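Here is a friendly walk through one protein model, with a look at its overall build and then at its charged side chains. Please keep the structure open as you read.

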Amino acid sequence: MLCDLISVSLRSYRMMFSNRKPNHIWTKLSNEQFLAKIGAAKKGSDGELHPTLAGLIFFGDFVSIMNELPNYFLDYREECDDKRVRWLYRTHSNEGDWSGNLFDFFYKVTTRIDDDVAVPFMIRRNGVRVDRVDVHDALSEAVANALVHANYYGKRGIVIIKHGKQISISNPGTIRITKE
C-alpha cells in the first residue's frame, strides 16, 4: 500500500524535483500520480495503486522494505586507527529513528562525507561562492551507483566505511563483465 511510503521522504524528493525542474508538468500532479509517473507505484490487479519494489526501497519504511527483502541492510561507518574504538559514527537502516530507505540513507551519508571535503574559497563571476567541488559530485555518484546497482535479494547489504580520507563502498551482487 502507498501508506508504506514515508511522506517526509516523498515530500523532500518532490521539493528537490520542483527546484531542479520548476516548470515540469509533473510538479503539479498529486503524490499518487507523481509516484506512478516516476515508476515508484503502479496499479495492481485490485485496481489500487501500490509501490513498486523500487518505490518501496526508495521511499518506504524499513519494516515494509524488510517484508519484501529480508536481507535488506544499509550500513555507514566512520572508523579510526584506535582498535579500542569500534567506530566513531555509525548509521544503519534498522536503527529505528529514521526511515531506513535509500533516499534518506543517500542524503545522510553524502552529507557526512561532503563535510570532510576541502572547498577552497572561490567566487564565481556572478558573485556566488563555490561551495561544491568535483570531489563532492564523484563521491555522490559512487554512493548512488552502489545503491542503484545493488542486488537487494542478496545475502548481505550495502556497506560504506570511511576511514580517515579513505572510503570503501561495497554492495551485494556480481560484476557482469570479466575483470579483463
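Buried means under 20% relative accessible area, exposed means over 50%, and partly exposed covers what lies in between. Glu79, with a relative accessible area of 23%, is therefore partly exposed. Please bear in mind that this is a predicted model.

**Overall build**

Let us begin with the whole chain. The protein has 6 helices and 6 strands, and from the N terminus on these elements follow the order α-α-β-β-α-α-β-β-α-α-β-β. The C-alpha trace spans about 55 × 50 × 40 Å along its principal axes. Of the 180 residues in the protein, 33% are buried. Taking contacts between residues at least 6 apart in sequence, 47% join residues at least 24 apart.

The accessible surface comes to about 11900 Å², and carbon and sulfur atoms account for 53% of that surface. As for charge, the protein carries 25 positive and 22 negative charges, and the mean positions of the two sets are 4 Å apart.

**Salt bridges**

Side chains of opposite charge can pair when their charged atoms come close. How many salt bridges does the structure hold? The count is 5, and the table sets out three pairs from among them.

| Pair | Distance, N to O |
|---|---|
| Arg77 and Glu79 | 3.3 Å |
| Glu78 and Arg112 | 2.8 Å |
| Arg84 and Asp82 | 3.0 Å |

The pair of Glu78 and Arg112 meets in a salt bridge of 2.8 Å. This pair links distant parts of the chain, with Glu78 in strand E3 (residues 74-79) and Arg112 in helix H5 (residues 102-114), 34 residues apart. Is Glu78 buried or exposed? Glu78 has a relative accessible area of 11%, so it counts as buried. Arg112 is partly exposed, at 30%.

In the pair of Arg77 and Glu79, Arg77 is buried because its relative accessible area is 16%, while Glu79 is partly exposed at 23%.

The side chains of Arg84 and Asp82 also meet in a salt bridge. Arg84 counts as exposed, with 74% relative accessibility, whereas Asp82 is partly exposed at 28%. Elsewhere, salt bridges that share partners join Asp75, Arg77, Glu79 and Arg90 into one network.

**Arg90 and its surroundings**

Which strand holds the network member Arg90? Arg90 lies in strand E4 (residues 89-92). Its relative accessible area is 24%, so Arg90 is partly exposed. The side chain of Arg90 makes a polar contact of 2.9 Å with the side chain of Asp75. Arg90 and Arg77 are 13 residues apart in sequence, yet their C-alpha atoms are 4.4 Å apart in space. Setting aside neighbours within four places in sequence, Arg90 is in contact with Phe73, Asp75, Tyr76, Arg77 and Glu95.

**Ser64 in helix H4**

A last stop takes us to a serine. Ser64 is found in helix H4 (residues 62-68). At 9% relative accessibility, Ser64 counts as buried. Which side chain does the side chain of Ser64 join in a polar contact? The partner is Asp61, at 2.7 Å. Not counting residues up to four places away in sequence, Ser64 touches Asp4 and Leu56.

Definitions and conventions. Residues are numbered from 1 along each chain as its sequence is written. This is a predicted model: local features need pLDDT of at least 70, side-chain atom pairs count only at pLDDT 80 or more; totals for chains, interfaces and linings use all residues. Side-chain values use heavy atoms; hydrogens and water are left out. Helices (H or I, at least four residues) and strands (E, at least two) are DSSP runs, numbered from the N terminus. Buried means under 20% relative accessible area, exposed over 50%, partly exposed in between (1.4 Å probe, protein chains only). Contact means heavy atoms within 4.5 Å. Accessible areas come from the Shrake-Rupley method with a 1.4 Å probe; for residues, only the protein chains shown count as cover. Lys and Arg count as positive and Asp and Glu as negative; His and the chain ends are not counted. The place of a charge is taken as NZ of Lys, CZ of Arg, CG of Asp or CD of Glu. A polar contact is a pair of N or O atoms within 3.5 Å; within protein, one must be able to donate a hydrogen and the other to accept it, and residues adjacent in sequence count only if both atoms are side-chain atoms. A salt bridge is a side-chain nitrogen of Lys or Arg within 4 Å of a carboxyl oxygen of Asp or Glu.
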